[in-house]
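Please look at the chain shown below before reading on, and keep the picture in view while the report moves from the whole protein to one residue.

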Amino acid sequence: MAHAHAHHDDHDHHGPDKGIMRWIKTTNHKDLGTLYLFFAFTMFFIGGLMSLVIRAELFQPGLQFVHPEFFNQMTTMHALVMIFGGVMPGFVGLANWMVPMMIGASDLALPRVNNWGFWILPFAFSLLLSTLFLAGGAPAGGWTMYPPLVLQTGDAFPFLIFAVHLMGISSITGAINVVVTILNMRAPGMTLLKMPLFVWTWLITAYLLIAVMPVLAGAVTMLLTDKYFATSFFTASGGGDPVMFQHIFWFFGHPEVYIMILPAFGIVSTIIPTFARKRLFGYDSMVYATASIAFLSFIVWAHHMFTVGMPLSGELFFMFATMLIAVPTGVKVFNWVATMWKGSMTFETPMLFALAFVFLFTIGGFSGLMLALTPVDFQYHDTYFVVAHFHYVLVPGAVFSIIAAVYYWIPKWTGHMYSEFWGKTHFWLSAIFINVTFFPQHFSGLAGMQRRVPDYAVQFTDLNVWSSVGAFVFFFAQFIFIFNMLASCFGWGKRASEKLPDRVWEGATGLEWTVPSPAPYHTFEEPPTVGDDGEPVTGAARPAAAH
């Protein structure tokens with residue numbers, strides 16, 4: 001590897017362009033990973049501000065700050081921005097940075113496609129956010145875009161549809177790139193069952209994206225023709241069926257839930273073994289469990305629709321199929337706990353976020369199991385219990401895993417450590433106040449408080465006060481994270497490690513830890529070799545033996 005590093009130094013003339021053109025023209029997977037992450041954090045900030053508008057209005061009963069129509073615009077835009085602008089590009093950014101480094105590839109297979117895939121996104125979200133300033137305002141029919149409500153959208157409607165199409169194109173280009181790269185550019189000796197779990201989860205996620213994004217594109221195109229070309233796919237007055245849209249949407253929408261969580265499983269399966277200083281327990285079963293979850297995600301879509309009046313046999317099928325997902329998910333949680341069992345554990349910031357993921361995601365999983373039960377779903381449907389459930393899955397789940405990944409890999413990206421003190425401060429504020437925000441919503445939902453409504457009965461006041469206070473503190477706590485990461489990026493922190501500059505964490509394994517910190521602009525010009533045990537054999541800093 002020393003030879004390889006010298007080789008890199010000889011190729012400085014292949015380095016990045018200078019100035020802004022570096023970022024516009026770049027085809028380098030690390031640059032594009034950085035752009036994706038920067039974009040995702042910008043969208044998290046915008047979506048977070050929208051959530052504060054929602055929580056400020058719900059601080060007490062009655063109408064305080066915004067008109068009900070604008071309140072529903074905020075709930076709709078918050079969801080679209082967070083899902084398509086925050087979580088998905090965040091994971092794509094991590095895939096851009098880490099997948100080539102983890103499999104020993106020099107770059108992604110289709111670098112120019114990668115560039116296009118990213119630069120579509122700012123245009124898509126400019127279109128979407130511009131609807132806030134159009135006549136009639138932004139879409140207010142919910143992120144699910146159910147007809148006939150969404151067809152009442154004003155001038156914003158075609159902007160919404162075109163923006164969704166652009167997001168889908170970006171996702172599919174990224175997914176194709178990941179699949180082609182993983183299947184064709186792995187280092188010699190790295191068979192499929194020797195790949196890091198993060199690479200496996202992204203391979204499965206990419207297949208999900210390729211399968212379901214065209215379904216969403218078809219559904220929203222049918223909405224467009226219903227509104228402007230007099231078709232009646234979903235218009236009852238013309239012979240169409242609004243419920244058919246729900247079937248098509250959720251055939252996309254439920255796998256989409258797993259698109260937003262499978263890469264998180266890969267991240268946690270990377271971080272926990274590092275700080276437990278043990279190999280991941282049950283690697284093969286983790287791979288099969290991930291594939292099983294992906295398969296099951298295609299046959300459970302109608303559990304979102306128990307209240308539309310489907311036949312009893314349909315309700316029973318979708319109820320049991322949904323509950324079946326708890327089995328492979330339980331395998332994962334068991335394996336993470338077994339990995340930690342009798343490990344030499346330390347609790348640096350990435351590990352704290354990974355542990356919070358396991359604990360809080362399990363709470364979200366249990367409330368999901370409750371929602372899968374058809375008879376009780378009739379009570380929970382469209383209440384704040386559902387809001388609490390999916391926020392426990394997506395915030396301490398997807399978002400915490402992205403934060404954990406950034407803390408974990410940023411010494412490799414920048415060559416500088418973050419501040420552990422401020423990292424732990426950020427963790428404890430986030431972990432406490434995310435629960436203050438969403439835990440009370442289980443009870444307001446069980447008591448019957450409806451979602452997407454700006455006013456509520458006075459009996460829910462105390463629970464909503466707690467939720468609003470929690471949301472504001474959680475939002476502002478994230479500025480600690482931003483400044484901590486900027487400190488690493490601009491080299492204000494300590495060097496990554498003087499003893500082991502390549503392998504920053506003592507228990508870390510994998511090809512990405514065999515290159516210097518910061519990682520050179522061109523990582524592997526000569527492919528590394530992987531041994532029978534799945535570990536690098538050429539110049540790698542081998543980890544301590546497993547306990």
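Among contacts in the protein between residues at least 6 apart in sequence, what percentage join residues at least 24 apart? In this predicted model, the share of those contacts that join residues at least 24 apart in sequence is 81%.

The secondary structure of the protein consists of 17 helices and zero strands. For 547 residues, a compact globule would have a radius of gyration near 24 Å, and the value for the protein, 23 Å, agrees with that expectation. Of the 547 residues, 56% are buried, while the surface that the protein exposes comes to about 21,700 Å², with carbon and sulfur atoms supplying 71% of that area. The table collects some values for the whole protein.

| Property | Value |
|---|---|
| Span of the C-alpha trace along the principal axes | about 70 × 50 × 45 Å |
| Radius of gyration | 23 Å |
| Distance between the centres of the positive and negative side chains | 8 Å |

The charged side chains behind the last row number 23 positive and 29 negative.

Turning to a single residue, Ser-170 is found in helix H6, which covers residues 156–184. Is Ser-170 buried or exposed? Ser-170 has a relative accessible area of 5%, and because buried means under 20% relative accessible area, Ser-170 counts as buried. When residues up to four places away in sequence are left out, Ser-170 touches Tyr-36, Gly-117, Ile-120 and Leu-121.

Note on methods:
Residues numbered from 1 in each chain as written. Predicted model: local features only at pLDDT ≥ 70, side-chain atom pairs only at ≥ 80, totals over all residues. Heavy atoms only, no water. Helix = DSSP H or I, 4+ residues; strand = E, 2+ residues; numbered from the N terminus. Buried < 20%, exposed > 50% of the residue type's maximum accessible area, 1.4 Å probe, protein only. Contact = heavy atoms within 4.5 Å. Rg over C-alpha atoms; globule rule 2.2 N^0.38 Å. Areas by Shrake-Rupley, 256 points an atom, 1.4 Å probe, with all protein chains shown as cover. Lys, Arg positive; Asp, Glu negative; His and termini not counted. Charge placed at Lys NZ, Arg CZ, Asp CG, Glu CD.
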